[in-house]
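Please open the model in your viewer and keep the selection panel at hand. The stops below can be taken in order, each with something to select and something to look for.

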Amino acid sequence: MLKDITLGQYFPGETVVHKLDPRTKLILVVVYIISLFQATNWISYAFITLLTALCLKLSHIRARNIFKGLKPMLFIILLTAVLNIFYTTGTPIIPGWPITWEGIARAIQMMLRICLLITGTFLLTYTTSPISLTDGLEKLMNPLKKLRLPVHEMTIMLSMALRFIPTLVEETDKIMSAQKARGADFETGSLVDRAKAMLPILVPLFVSAFRRADELAVAMESRCYHGGEGRTRMKKLKFAARDIFALILGAAVLALMMFMKKLGI
Amino acid sequence: MEAVVKIENLHFCYPGDEAESLCGIDLEIEKGSFVAVLGHNGSGKSTLAKHLNAILVPTEGKVTVFGIDTADEDQLIQVRRNVGMVFQNPDNQIVANVVEDDVAFAPENLGVEPSEIRRRVDGALKQVGMYELKMHAPHLLSGGQKQRVAIAGVIAMEPGVIVLDEPTAMLDPQGRREVVATVTRLCREKGMTVVFITHHMDECVGADRLIVMSGGRVVADGKPAEVFADVELMELEGLSVPETTRLVHDLRQAGADIKGEALDTEACAKLIAEALKH
């Protein structure tokens, strides 16, 4: 079950979407999210859904991987839908019932919105290697260094965290198996019981994570890590014509969505 | 031969410990040699290794690498650049999600030009035979492959000495062979000085020099054949010796007239045949 976690996963590829500068992609994701929240009507929803599908097609990401990523969010998505169905006023589908036509429409739109939101961010992490993602982030936040914010330290922590997700997931699986072998029971009992049963997993996981962190720090120092000062990068970030094109396109989409919102379609 | 590492009267005591972990070590490591360090847990071999690139500095005595004193904090980066270190756990020393990005980590820290980093990364990956997998995610590789990536990550600094602190302890037999073969090739073909720390006796057989440590002291130092020949000492330290060495030793104990030492089956057979002729 833990193997399904897709957070921070990256699928290497050679598509246009992969080749875009990480800074462009980071900006575009923000633009995308803002655009998404401008959608109020079926036409605008259809437009942004089509746009997302087009980007997915361009990036050669398989739909299966998107669904896999959406699965852990299923509960939240369904909860939002149910709440919207019951709490929207309008014409009931059957007189006297609390379910309204407007509620159903809103529920579908909300589900669509959450799904698109997640898909958009997945599109970023699936097509950008964590290293270039954090590089891009560091470059974008560079002005904050003037405010004495430890931008380099923050981004290197982020990239280490992303690097160790699969390792720690694997480790959690191992510890769970070990505790199950000794008779631990994670599946039955009340919620409190189950939460308590997690303790024998968390304690060894934390201990080992700290040990790992210690060893990692020594290994990094052994490889001459001494902070961001004087550090160079193998892959220099470069804006290409396609990045400018993509940014203009992003701005156009945002403008169009805002326009559609104003018109009420 | 020129000594690249000089250790003089090295004493070390971990803070808070009463007993010394290293009590008086004098060693010189020659350029281009393959030195194996053998010893049990707690013998001080890893502590010794950590002195070679200034992760630890001596409580007493002096360690110099390429003429630089490791206690000199201003020269820290120079020391670490010259002495590359590979650790036991392959997962805990890989810093990036893509093999080639990980290998680039050290030269990036050293502020090397991007085009030069690219050249070094490709070169290092070819030397350890991982070039084809350079776009892979490290967590999907086998233990032996991960450890080879770690070795590449160190070679990319272009160090003169590479210290491997029990690099095979967490690997399966296949992975162990891969790592030992890679390191041996680096030493023989590229002239890299190798310090290989292990508790597997069989990994020391191919070394130029074998150092046995116990209780923070060097108890034996010499050619592997000579060191293993002292079967009594090795047994006292609880270490095993190659079967062939033991056979020759036992035959000699029983009164056979065998000269020389044998580290592999063929040499052993020859020695026994020689002895039978008399």
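Begin where the two chains of this predicted model meet, and select the contact between them, to which chain A gives 28 residues and chain B gives 33 residues. On the side of chain A that touches chain B, look for helix H7 (130-140), helix H8 (151-181) and helix H10 (199-222), each of which supplies at least two residues. If you colour H10(A) separately, you will have picked out the largest share of that side, namely eight residues. Colouring the side of chain A that touches chain B by residue type should then show 14 nonpolar, six polar and eight charged residues.

Next, hide chain A and view chain B as a whole, where the secondary structure comes to 10 helices and 10 strands. Taken along the principal axes, the C-alpha atoms of chain B fill a box of roughly 65 × 45 × 35 Å. How does the radius of gyration of chain B, with its 278 residues, stand against that of a compact globule? Such a globule would have a radius of gyration near 19 Å, and the 20 Å of chain B agrees with this. Buried residues make up 49% of the 278 residues in chain B, and among the contacts with a separation of 6 or more, 62% are between residues 24 or more positions apart.

Now select the open sheet of four strands in chain B, whose order is E2-E1-E4-E5 and whose pairing is antiparallel. At its edges you will find strand E2 (22-30) and strand E5 (68-69) of chain B, each of which pairs on one side only. Moving to strand E1 (residues 3-12) of chain B, you can follow the seven bridges that join it to E2(B), the two strands running antiparallel. To see one particular pair of bridge partners, select B:His11 together with B:Cys23, the latter lying in E2(B). Then add helix H1 (residues 45-52) of chain B, which packs on the sheet and touches E1, E2 and strand E4 (60-65) of chain B, its direction making about 125° with that of E1(B).

For the last stop, select helix H3 (residues 99-109) and helix H5 (residues 143-155) of chain B, which pack at an angle of about 35° with their axes 7 Å apart. H3(B) passes H5(B) in a right-handed crossing. Show the side chains of B:Val99, B:Asp102, B:Val103, B:Phe105 and B:Ala106 on H3(B), and on H5(B) select B:Val149, B:Ala152, B:Gly153 and B:Val154, since these residues make the contact. They divide into seven nonpolar, one polar and one charged.

How values were computed: Residues numbered from 1 in each chain as written. Chains lettered and ligands numbered in written order. Predicted model: local features only at pLDDT ≥ 70, side-chain atom pairs only at ≥ 80, totals over all residues. Axes fitted to C-alpha atoms, helices over the stretch in contact; angles between N-to-C directions. Left-handed = near helix turned anticlockwise from the far one by under 90°. Contact = placed C-beta atoms within 7 Å. Nonpolar A, V, L, I, M, F, W, Y, C, P; charged D, E, K, R; others polar. Pairing = 2+ DSSP bridges. Rg over C-alpha atoms; globule rule 2.2 N^0.38 Å. Buried ≥ 20, exposed ≤ 12 C-beta atoms within 10 Å, placed from the backbone.
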